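Here is an informal walk through one model, meant to be read with the structure open beside you. The salt bridges come up before anything else, and the core and a few loop residues follow.

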Amino acid sequence: MTEKEILRASLQEVRDAMLFKLDGLSDADMRMPMVPSGTNLLGLVKHLAGLEYGYLGEVFGRPAPERMSWQDDGTIWDGADMWAAEGETTDYLTGLYRRACTHADETIEALDLAAVGTVPWWPEGRREASLRQLVVRMIQETSRHAGHADIIRELIDGSGGRHPGDTSFPEPGDPYWRDYATRIREAASKA
C-alpha cells in the first residue's frame, strides 16, 4: 500500500467506528447529553462533518457544496456544531457527515500529500499545512471523538466495541464487567 492508501484506510476505519456508535439507538439517545459538557453522539457527528469539509476541502480551495447554518451565522464559535438543533434530523446529520467524508476523499485522491493548503481559522503565521498533515489531523480528531463516542455509548446502554461483531468487548451486563470494575475499585482504594 502507498502512504496515501494507508492514511486513507486509517481515516476510514475511525469514521466507520464513529458511525457504528449510533447503530440501534433511538433519536433521543443519540441527541442526549451524557456528561456535564453536553457531549452527545449526534453532536460529535455534526462536528466531524464540519471538520472534514473544512480541513480536507475548504483549506484546499474546495469549499463544502452545501451550507451549514451554524457556520454561516457564526454560532459554531458558541458550540452550535456540537449538538443537534431542532429540525436537524439524524438522517440529515449522518448524511451530512457521509457527504463531507466523500468530499474529503475526493480532495485526498486529487492532491499529492505534499500539497499545501491554508487553514484560515489557525493563527496568523501558522496557517499553512500539507495534505499529509491535515489527513493525520483528521485521523486524530476522528479518533478522539470516536473515543468520546465509545464512552457516551457505554453510558447509554453499556455496549462497546469498534465495529459490528467485535468480540473483544464483552456484552453489556456480562459479569466480567462487574468483576473487572470491582478489581479496579479495590486497587484504587489501596492507592
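Asp157 and Arg153 sit four residues apart in helix H6, about one turn of the helix. Keep in mind that this is a predicted model. The side chains of Asp157 and Arg153 meet in a salt bridge, at 3.0 Å from N to O. Asp157 is partly exposed at 33% relative accessibility, whereas Arg153 is buried, with a relative accessible area of 8%. Elsewhere, salt bridges that share partners tie Arg8, Arg15, Glu52 and Asp105 into one network.

Helix H6 has another pair with this spacing: Glu141 and Arg137 are also four residues apart, about one turn of the helix. Why does that spacing suit a pair of side chains? An α-helix has 3.6 residues a turn, so residues three or four places apart point the same way. Side chains of opposite charge can then pair when their charged atoms come close. For Glu141 and Arg137, the salt bridge is 3.8 Å, N to O. Glu141 counts as buried because its relative accessible area of 16% is under the 20% cut-off. Arg137, at 28% relative accessibility, is partly exposed.

Which parts of the chain does the salt bridge between Asp150 and Lys21 link? Asp150 is in helix H6, while Lys21 is in the loop between H1 and helix H2 (27-31), and the two are 129 residues apart. Their side chains meet at 3.0 Å, N to O. Here Lys21 is the buried partner, at 3% relative accessibility, and Asp150 is partly exposed at 32%. A search of the whole structure finds 13 salt bridges, and three of the pairs are set side by side here.

| Salt bridge | N to O distance |
|---|---|
| Asp157 and Arg153 | 3.0 Å |
| Glu141 and Arg137 | 3.8 Å |
| Asp150 and Lys21 | 3.0 Å |

Now for the nonpolar side. In soluble globular proteins, nonpolar side chains tend to be buried together. In this model, the largest nonpolar core has 43 residues, and the members that touch the most others are Tyr55, Leu56 and Leu134. Helices H1 (3-20), H3 (41-55), H5 (90-110) and H6 (131-157) each put at least two residues into this core. The largest share, nine residues, comes from H3.

Leu56 is a good place to click. Leaving out residues up to four places away in sequence, Leu56 touches partners including Leu11, Leu51, His103, Ile108, Leu134 and Met138. Arg62 and Thr107 are also among the residues that Leu56 touches.

What about H1? The buried residues of H1 are Leu7, Leu11, Val14, Arg15, Ala17, Met18, Leu19 and Phe20. What covers them includes H3, H5 and H6. The length of H1 checks out too: at 1.5 Å a residue, its 18 residues should span 26 Å, and its end C-alpha atoms are 26 Å apart, which agrees.

Thr90 lies in helix H5. Is Thr90 buried or exposed? Thr90 is buried, with a relative accessible area of 15%. Setting aside neighbours within four places in sequence, Thr90 is in contact with Asp27, Met30, Arg31 and Leu42.

Two loop residues are worth a look as well. Met32 is in the loop between H2 and H3, and is partly exposed at 42% relative accessible area. Beyond residues up to four places away in sequence, Met32 touches Thr39 and Asn40. Met32 and Gly43 are 11 residues apart in sequence, with 9.4 Å between their C-alpha atoms.

Ile76 belongs to the loop between helix H4 (69-72) and H5. Not counting residues up to four places away in sequence, Ile76 touches Trp70, Gln71 and Asp81. Ile76 and Thr102 are 26 residues apart in sequence and 22 Å apart in space, C-alpha to C-alpha.

Last stop, the surface. Which residues make the nonpolar surface patch of about 270 Å²? The patch is made by Tyr176, Tyr180 and Ile184. Tyr176 is in helix H7, residues 175-189, and counts as partly exposed at 37% relative accessibility.

Notes. Residues are numbered from 1 along each chain as its sequence is written. This is a predicted model: local features need pLDDT of at least 70, side-chain atom pairs count only at pLDDT 80 or more; totals for chains, interfaces and linings use all residues. Side-chain values use heavy atoms; hydrogens and water are left out. A nonpolar core is a set of buried Ala, Val, Leu, Ile, Met, Phe, Trp, Tyr and Cys residues joined through side-chain atoms within 4.5 Å. Buried means under 20% relative accessible area, exposed over 50%, partly exposed in between (1.4 Å probe, protein chains only). Contact means heavy atoms within 4.5 Å. Patches are made of residues with over 30% relative accessible area and no salt bridge: like charges are joined within 9 Å, nonpolar side chains (Val, Leu, Ile, Met, Phe, Trp, Tyr) within 5 Å. Accessible areas come from the Shrake-Rupley method with a 1.4 Å probe; for residues, only the protein chains shown count as cover. A salt bridge is a side-chain nitrogen of Lys or Arg within 4 Å of a carboxyl oxygen of Asp or Glu. The expected span of a helix is 1.5 Å times one less than its number of residues.
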